[in-house]
There are 4 protein chains.
Amino acid sequence: MKTIRYMHPVDGSVHLGIVVGDDVYSVTDKVASWTDPVPMWQTLRALHLDMRSVEERLCVGDSLSYRNLTSEGRLLPPVLAPEVWASGVTYERSRVARNAETQLQDSVYDRVYTATRPELFFKATAERLVPPGQSLKLRSDSAWMVPEPELSVVISSHGDIIGYTIGNDLSSRDIEGENPLYLPQAKIFAASCSLGPALVWCDPTVDPLAWEIEMRIERAGDTVFLGNVALTQLRRPLSELVSYLLRDNPILDGTTLMTGTGIVPPDEFTLQPGDVVAIEIQAIGQLVNPISAQGTRTVAMEAKV
Amino acid sequence: MKTIRYMHPVDGSVHLGIVVGDDVYSVTDKVASWTDPVPMWQTLRALHLDMRSVEERLCVGDSLSYRNLTSEGRLLPPVLAPEVWASGVTYERSRVARNAETQLQDSVYDRVYTATRPELFFKATAERLVPPGQSLKLRSDSAWMVPEPELSVVISSHGDIIGYTIGNDLSSRDIEGENPLYLPQAKIFAASCSLGPALVWCDPTVDPLAWEIEMRIERAGDTVFLGNVALTQLRRPLSELVSYLLRDNPILDGTTLMTGTGIVPPDEFTLQPGDVVAIEIQAIGQLVNPISAQGTRTVAMEAKV
Amino acid sequence: MKTIRYMHPVDGSVHLGIVVGDDVYSVTDKVASWTDPVPMWQTLRALHLDMRSVEERLCVGDSLSYRNLTSEGRLLPPVLAPEVWASGVTYERSRVARNAETQLQDSVYDRVYTATRPELFFKATAERLVPPGQSLKLRSDSAWMVPEPELSVVISSHGDIIGYTIGNDLSSRDIEGENPLYLPQAKIFAASCSLGPALVWCDPTVDPLAWEIEMRIERAGDTVFLGNVALTQLRRPLSELVSYLLRDNPILDGTTLMTGTGIVPPDEFTLQPGDVVAIEIQAIGQLVNPISAQGTRTVAMEAKV
Amino acid sequence: MKTIRYMHPVDGSVHLGIVVGDDVYSVTDKVASWTDPVPMWQTLRALHLDMRSVEERLCVGDSLSYRNLTSEGRLLPPVLAPEVWASGVTYERSRVARNAETQLQDSVYDRVYTATRPELFFKATAERLVPPGQSLKLRSDSAWMVPEPELSVVISSHGDIIGYTIGNDLSSRDIEGENPLYLPQAKIFAASCSLGPALVWCDPTVDPLAWEIEMRIERAGDTVFLGNVALTQLRRPLSELVSYLLRDNPILDGTTLMTGTGIVPPDEFTLQPGDVVAIEIQAIGQLVNPISAQGTRTVAMEAKV
């Protein structure tokens with residue numbers, strides 16, 4: 001099952017919808033309290049409901065066009081994640097890149113790559129999340145910024161995997177490179193993270209390790225970077241990352257964990273305002289975000305009620 | 001002006017109160033929407049109200065005993081901080097301690113101590129905050145844990161300083177020592193942070209740099225550590241820390257920034273369940289927290305509404 | 001299926017529970033957003049779920065004792081009704097009683113009894129509702145007050161019947177008797193209405209017209225009134241009452257409609273503080289409320305969030 | 001002081017504003033939690049603040065045009081009244097009119113006009129309120145409908161008068177005329193009540209009894225009714241009406257009480273779709289509402305959160 005969240009074209013209200021081809025069936029029209037996948041997931045699990053039969057019953061009546069919702073800029077993050085966490089140095093390629101940017105000899109990156117404990121860090125709150133199609137913003141005090149395309153898992157407060165989406169962990173390489181203690185500043189800032197476009201629900205038939213991520217960066221109509229990686233290259237099991245995140249650490253339902261990046265543009269590459277970053281995992285879709293400079297302070301309107 | 005937040009002895013509702021000696025006057029009884037200092041501060045500022053005359057008008061009618069509220073465990077964090085951030089290596093003593101715990105030669109701590117950019121990190125959310133008098137909990141996978149007593153500033157979304165409180169940034173020295181990339185795991189966990197007991201409102205007559213912090217750790221009735229530091233030892237101006245926190249980073253009103261620790265127990269010291277940590281800044285009061293092991297997952301009940 | 005709402009004995013949080021004999025299984029423990037029957041009903045309907053299989057899946061794990069919850073005063077109204085409406089003169093007995101109290105010759109009660117349009121009136125808001133077991137309060141300016149025991153239907157915003165409960169419409173006969181224009185004052189006041197103890201969900205096997213209502217009033221240990229009536233005596237179909245209520249009148253899900261009373265104590269009877277009113281419909285249970293004088297203004301704590 | 005509530009032209013958010021001539025100064029821009037007069041009133045009272053100096057401090061910075069907000073349909077009810085109550089037969093003219101419509105000989109209207117106890121009834125909830133400029137809707141089952149122009153008082157939960165506004169109590173004369181027991185159905189229905197356009201705050205200099213109400217009804221460009229009445233004709237003191245409303249009846253801050261109508265169109269007059277009703281009290285402004293037929297069920301979007 002694949003769901004999205006969107007603002008309704010008529011009244012702007014937030015809807016959860018099931019995507020079947022280009023058809024989007026509102027779940028919220030049928031169950032008003034389901035504007036987010038979390039309460040729906042919780043209910044299906046408590047009632048041991050078969051996902052296929054639920055989907056059949058909800059995919060009736062009017063539908064909207066997924067293509068239109070996307071092109072009209074109505075998509076929202078597929079889950080209203082209360083917190084987004086991320087993992088570091090979980091791919092060989094990432095270890096190499098981090099060593100290139102650091103100014104330290106005895107690399108902390110080499111060590112974490114092989115250590116038992118993974119690197120985990122706090123990446124974003126719901127207010128700092130950018131919906132699919134909206135602009136990620138460059139830090140104004142960084143001259144070396146890159147997107148990080150990552151498989152992201154949406155989890156429950158108990159660590160159950162609810163589903164999978166794509167994340168873009170926009171990062172400053174020079175700030176982190178100057179000192180690993182600057183990592184929070186290299187990672188957490190306005191409009192530094194995007195999730196989407198859809199959530200593919202966890203299901204025995206869904207195997208994310210069989211997926212591939214592709215990232216394309218366009219500038220003035222040209223592709224200035226194109227890279228891809230198979231999820232088989234991810235060094236750590238998803239369950240290990242989730243288990244460390246929950247260790248003595250209470251999280252809320254819907255928390256999202258980005259699993260690290262295996263695609264790194266060459267060291268001389270930095271993002272510029274006007275670039276467009278498109279990250280694709282075929283089963284999920286394509287997460288597209290233009291890049292812009294920091295401007296006025298933007299807070300996503302639906303974030304905290 | 002000094003305020004606290006507390007659960008009302010009769011019905012458990014959340015109140016904001018002004019403290020005068022042992023008397024606590026409920027602000028919430030007079031203005032129902034003021035259960036937190038943030039909306040009150042916003043109003044006083046918008047109306048250019050003189051803090052002294054406001055205090056006079058609100059400190060009338062019945063009062064409760066501050067001593068009783070404290071001993072009955074009714075205090076809450078003095079602000080419902082949506083996010084707590086912290087600063088690192090802002091005192092000479094901290095730089096030395098961090099070097100002792102790290103296994104790296106070219107120390108990242110030496111470098112950040114003298115660098116232009118301070119170390120800032122995400123410490124806690126409202127859910128992870130422990131009220132004054134309640135237990136901070138040790139990480140179950142760390143064998144070297146210490147309290148960090150810190151002057152903490154409550155700020156507005158624009159970076160105005162609303163007031164000052166005391167923070168205890170419970171930290172794992174061995175996890176951070178193993179690799180600075182583990183900092184988030186050494187810092188963010190259940191019941192890892194406490195703020196309180198009171199908020200001293202910013203005022204031209206209040207000069208926190210004239211204050212001193214004292215920390216005492218008791219074990220089975222004995223004082224096993226006692227240390228103090230003058231705020232003049234803080235290497236960075238408060239305004240510099242706040243300004244870096246807000247750089248391209250949208251925060252919400254009431255966000256609290258801990259300013260780093262200048263008191264570090266000897267390297268052979270680690271906290272044990274049953275210890276009691278008391279941190280005092282005379283103008284603010286004494287923040288007391290027992291120490292316990294991680295148990296069942298605890299989420300502060302008033303946190304998210 | 002029979003559900004109740006209650007305050008959890010441990011933390012006072014609001015739970016929806018399914019009752020099977022003396023066992024109460026928390027629904028809220030399994031689906032956190034279901035603290036009221038309305039969202040649960042909406043979901044079951046949208047997914048075409050069989051009530052029996054849902055009940056089976058939710059009635060697992062720990063249970064609480066219905067008897068204990070009741071005796072410890074932990075029950076809440078079975079639905080957080082945003083509005084309670086009531087019907088008048090829907091039984092022959094009620095018509096006679098109303099004529100006795102009125103001082104008008106050409107009785108408005110005779111006329112409404114046989115008219116096409118039923119009498120409907122606004123009875124209470126969630127704040128004025130009294131939980132099962134708690135005190136209904138006499139109007140301080142009335143000398144002739146009676147309980148009115150009524151079958152009550154909980155409906156959706158579209159007029160679907162969600163389920164059935166018992167209502168007690170405490171009324172002032174002398175205020176209404178003085179002038180029918182005083183009806184709102186005879187009906188709407190603090191602690192003038194109670195619903196409960198349970199909600200019996202609408203189901204093809206449930207036929208409320210086969211039920212009987214019994215009311216017993218006790219004073220100082222003696223039964224001072226005992227009466228009963230069969231629902232077959234209700235002059236108007238439930239669907240007619242609901243249909244008039246919704247005519248051009250938008251209501252919210254969970255609105256409850258009391259259907260009028262067919263049991264009226266003799267004209268010389270008036271309630272006194274200390275009386276206990278018990279209304280029973282066997283399939284639903286017994287709604288018990290002591291009677292007290294108006295005192296301090298009481299607002300049910302969970303009412304508006 | 002005169003305030004309005006409006007949807008901000010840029011982002012649609014709800015603002016409270018102070019009106020000075022054609023200038024509207026947002027209060028909400030300065031104190032985010034003041035989107036309604038109630039919390040502001042509560043604060044001014046608790047701090048004994050002088051209304052004039054508060055107004056001076058808030059009426060600074062950018063302003064919007066009151067005329068533009070009105071013509072663009074951005075006004076909201078001046079208070080988010082949780083309940084609207086109304087009074088009946090408080091003017092001689094109203095007594096005569098009610099007798100004309102009733103089919104009863106011994107008139108309940110004559111009796112209530114001279115009785116000690118006034119007629120009070122529940123008129124509307126926030127969901128049923130229509131903002132200034134928006135359509136009031138005729139009941140589909142009534143052939144004789146009239147507007148009722150009324151001075152309305154906004155009160156606190158303790159019965160303090162916060163301020164004054166204009167109310168239009170759209171009513172069905174034939175339904176009420178058939179039987180006084182049908183009053184709730186003649187009064188409570190979708191889009192049956194409007195309040196506005198502004199709130200004039202209670203102040204020693206404000207004397208509503210010196211005011212006059214004028215009502216004009218236009219149809220296809222012609223004035224089909226014009227009437228006026230002086231508030232001195234109101235038979236009952238405002239304090240008497242408020243005091244009966246609060247008798248044993250808990251209300252919430254912001255509850256609004258309409259005080260009855262003294263302007264009644266001739267008996268042969270009934271409203272038609274397309275009519276426009278304008279009610280003016282000079283000190284408050286002009287409340288204008290077009291009249292339309294009941295259509296789809298409309299629920300004001302900001303009502304319940």
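**Why these names fit**

Trainee: What makes A:D160 and A:R45 a salt bridge?

Mentor: This is a predicted model, to start with. The closest N and O atoms of A:D160 and A:R45 are 3.4 Å apart. The cut-off is 4 Å between a Lys or Arg side-chain nitrogen and an Asp or Glu carboxyl oxygen, so the pair counts.

Trainee: How many salt bridges are there between domain 1 and domain 2 of chain A?

Mentor: The count there is one. Three residue pairs are in polar contact between those domains, both residues at pLDDT 80 or more.

Trainee: Which element gives the most to the domain 1 side that touches domain 2 in chain A?

Mentor: That's α1(A), with seven residues. By class, this side of domain 1 has 11 nonpolar, three polar and four charged residues.

Trainee: How do you know that the two domains of chain A touch, and how many residues are in contact?

Mentor: Contact needs heavy atoms within 4.5 Å, and 18 residues of domain 1 pass that test with 19 of domain 2, so they touch. Together the domains bury about 1,500 Å², 63% of it on carbon and sulfur atoms.

Trainee: Now the two chains. Why is the link between A:R247 and B:D141 called a salt bridge?

Mentor: Their side chains come to 2.9 Å, N to O, which is within the 4 Å limit, so the name fits. Between chain B and chain A the count is six salt bridges.

Trainee: What is the area buried between chain B and chain A?

Mentor: About 4,300 Å², and carbon and sulfur atoms give 52% of that.

Notes. Residues are numbered from 1 along each chain as its sequence is written. Chains are lettered from A and ligands numbered from 1 in the order in which they are written. This is a predicted model: local features need pLDDT of at least 70, side-chain atom pairs count only at pLDDT 80 or more; totals for chains, interfaces and linings use all residues. Side-chain values use heavy atoms; hydrogens and water are left out. Buried area is the accessible area (1.4 Å probe) that two parts lose on being put together, summed over both. A polar contact is a pair of N or O atoms within 3.5 Å; within protein, one must be able to donate a hydrogen and the other to accept it, and residues adjacent in sequence count only if both atoms are side-chain atoms. Helices (H or I, at least four residues) and strands (E, at least two) are DSSP runs, numbered from the N terminus. Ala, Val, Leu, Ile, Met, Phe, Trp, Tyr, Cys and Pro count as nonpolar, Asp, Glu, Lys and Arg as charged, and the others, Gly among them, as polar.
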